Amino acid sequence: AKYAEKFSGFSAHSAGTHLKGMRKYVREPLEFADADEYDTFYWLARNREKLSPFRFDCGRDDEMFAGNLELHEKLKAVGIEHEFSQKSGGHNW
């Protein structure tokens with residue numbers, strides 16, 4: 001979404017939607033980062049006029065599900081067209 005003009009479409013599975021949700025997956029401190037720089041919604045909203053079709057999905061038992069559902073709801077609220085699918089399962093192999 002940050003480089004929307006470079007892509008003809010994009011997709012994500014169990015997406016990391018915001019920096020705060022990544023704390024569980026990285027060892028490095030995340031406080032250094034500009035929050036907007038790593039906020040998926042920020043870039044989708046900022047570049048909404050340039051966005052190509054995009055979709056994302058997440059399992060309902062995935063610890064990333066709440067963030068994915070929140071992103072979906074925020075996108076719907078501001079009228080950004082997208083596809084979101086809820087799947088069964090968690091964040092595992």
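The following dialogue reads selected features of a predicted model.

Me: How many helices and strands does the chain have, and in what order do the elements run?

Reply: The general step is to list the elements and then follow them along the chain. Here the secondary structure consists of two helices and three strands. Starting at the N terminus, the order is β-α-β-α-β.

Me: What does the radius of gyration say about the chain?

Reply: The idea is to set the value beside that of a compact globule with 93 residues, which would be near 12 Å. The chain has 13 Å, which agrees with that expectation. As for its extent along the principal axes, the C-alpha atoms fill a box of roughly 35 × 35 × 25 Å.

Me: What share of the residues is buried, and what supplies the exposed surface?

Reply: Burial is read from relative accessible area, with buried meaning under 20%. Of the 93 residues in the chain, 32% are buried. The chain exposes about 6400 Å², and carbon and sulfur atoms supply 51% of that area.

Me: What share of the contacts joins residues at least 24 apart in sequence?

Reply: One considers contacts between residues at least 6 apart in sequence. Of these, 71% join residues at least 24 apart.

Me: How far apart are the mean positions of the positive and negative charges?

Reply: For this reading, the two kinds of charge are each averaged in space. The chain carries 14 positive and 16 negative charges, and their mean positions are 1 Å apart.

Me: Turning to single residues, where does S14 lie, and is it buried or exposed?

Reply: A residue is first placed among the elements, then its accessibility is read. S14 belongs to the loop between β1 (10–13) and α1 (40–46). Its relative accessible area is 9%, so S14 is buried.

Me: Which residues does S14 contact, and with which side chain does it make a polar contact?

Reply: Neighbours within four places in sequence are left aside for the contact list. Beyond them, S14 is in contact with D57, C58, D62, M64, N68 and H91. With one of these, D62, there is a polar contact between side chains, at 2.6 Å.

Me: What is the sign of phi at S14?

Reply: Most residues other than glycine have a negative phi. S14 is not a glycine, yet its phi is positive, at about 50°.

Me: In which strand is F56 found, and how is its accessibility read?

Reply: F56 is placed in strand β2 (residues 54–59). At 3% relative accessibility, F56 counts as buried because the cut-off is 20%.

Me: What does F56 touch, and how far is it from S14?

Reply: Sequence separation and spatial separation are read side by side. F56 and S14 are 42 residues apart along the chain, while their C-alpha atoms are separated by 7.6 Å. Not counting residues up to four places away in sequence, F56 touches A12, N68, L71, H72, L75, H82, E83, F84 and S85.

Me: Where is S85, and which residues does it contact?

Reply: S85 is part of strand β3 (residues 83–87). With a relative accessible area of 16%, S85 is buried. Apart from neighbours within four places in sequence, S85 contacts R55, F56, D57 and C58.

Me: Is F41 buried or exposed, and which residues does it contact?

Reply: F41 lies in helix α1 and counts as buried at 18% relative accessibility. Its contacts, leaving aside neighbours within four places in sequence, are L71, K74, L75 and V78. In contrast to a contact, a distance can also be read for F41 and K24: they are 17 residues apart along the chain, with C-alpha atoms separated by 20 Å.

Me: Where does L69 lie, and how does its accessibility count?

Reply: L69 is in helix α2 (residues 65–78). Its relative accessibility of 27% makes L69 partly exposed. Not counting residues up to four places away in sequence, L69 touches F84 and Q86. From F7, L69 is 62 residues away in sequence and 24 Å away in space, C-alpha to C-alpha.

How values were computed
Residues numbered from 1 in each chain as written. Predicted model: local features only at pLDDT ≥ 70, side-chain atom pairs only at ≥ 80, totals over all residues. Heavy atoms only, no water. Helix = DSSP H or I, 4+ residues; strand = E, 2+ residues; numbered from the N terminus. Rg over C-alpha atoms; globule rule 2.2 N^0.38 Å. Buried < 20%, exposed > 50% of the residue type's maximum accessible area, 1.4 Å probe, protein only. Contact = heavy atoms within 4.5 Å. Areas by Shrake-Rupley, 256 points an atom, 1.4 Å probe, with all protein chains shown as cover. Lys, Arg positive; Asp, Glu negative; His and termini not counted. Charge placed at Lys NZ, Arg CZ, Asp CG, Glu CD. Polar contact = N/O pair within 3.5 Å; in protein donor to acceptor, adjacent residues only side chain to side chain.
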